[in-house]
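This report describes the interior packing of one protein chain and the surroundings of selected residues.

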Amino acid sequence: MPMYMDIHEIPGVTREDLAKAHAADMKIQGQFGVEYHKYWLNEATGKVYCLCSAPNADAAMNVHRQAHGAMAQRIIEVTPDIAEAFMGAAETNAAGAALLPGTRTEGDPGIRSVLFTDIVGSTDMTQKLGDAQAMQLVHLHDRIVREAIAAHGGREVKHTGDGIMASFVSAASAIRCGVQVQKALQAHAASGAGHPLQVRIGVAAGEPVEHGNDLFGSTVQLSARLCSHAQPEQIVVSNVVAELCLGKDVAFTDLGPLSLKGFAQPVRAHAVSW
């Protein structure tokens, strides 16, 4: 059965309001063949994201319509494994609200930081070293990046061929993951144990659906563009990521506004000092 995420914009909504609405959904959802799994509340913006399985989008919307009348502004179909990779198998409280990992009471607002790595000069590396040795370096990259993702509570979304995309609940954790990757590769190069390997890293943060009809679409695009803009061994992050890291003992160099492909306006970015 397809999976959907719907997006509500309800300024001033409270956790109690949502608990009652979700309970009302649960009472009648079976009539429409729908199962509402959990919801995320961003209290600062008044946005609510509900995840459900349903035969179609209309069935999911009809549950809300009849249960409490609070209709979503948008609903998008999501791939279950992609939704899991971005959002994680979040535990919920008794009311169905997603909780931040490691907590029993703190609600998860649904904001995610998306990290991209990109191996510098991968095509030239293959031509110079040959397929076998180049593949060994790709495996080295994959091992180092995956170890860092696991160490900082992230989830791998996909392998891009020349890099990895990952999702983090915490912006600071995403940055610390990137720093661990860069330091590990620096140590590998210093050891002289093999051909040195450099990567670029980009990180952006946002809500599940900001624009269009794609899960974290604009956040993924921005993270990828920041990664492409980064210099070898550099970690470039969006301004939102830098703001989320205030008080987290992370130092940045302001790069100012950058002109990035696919973005109509310049985007302010920062380089992580590691």
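Two residues are in contact when heavy atoms lie within 4.5 Å of each other. The model is predicted, so local features need pLDDT of at least 70 and side-chain atom pairs count only at pLDDT 80 or more, while totals for chains, interfaces and linings use all residues. Residues are numbered from 1 along each chain as its sequence is written, and side-chain values use heavy atoms, with hydrogens and water left out.

Ser 238 belongs to strand 9; strands (E, at least two residues) and helices (H or I, at least four) are DSSP runs numbered from the N terminus. Leaving aside neighbours within four places in sequence, Ser 238 contacts Val 203, Ala 204, Ala 205, Leu 222, Leu 226, Arg 268 and His 270.

The largest nonpolar core (buried Ala, Val, Leu, Ile, Met, Phe, Trp, Tyr and Cys residues joined through side-chain atoms within 4.5 Å) has 34 residues, and Ile 175, Val 181, Val 203 and Val 241 have the most contacts inside it. Among the elements giving two or more residues to this core are helix 5 (131–151), helix 6 (171–191) and strand 8 (199–206). A second, separate core of 23 residues includes Ile 7, Tyr 49, Val 157 and Met 165.

Accessibility is classed as buried (under 20% relative accessible area), exposed (over 50%) or partly exposed in between, with a 1.4 Å probe and protein chains only.

| Residue | Relative accessibility | Class |
|---|---|---|
| Ser 238 | 2% | buried |
| Asp 17 | 40% | partly exposed |

Asp 17 lies in helix 1 (residues 15–28). The C-alpha atoms of Asp 17 and Leu 115 are separated by 34 Å.
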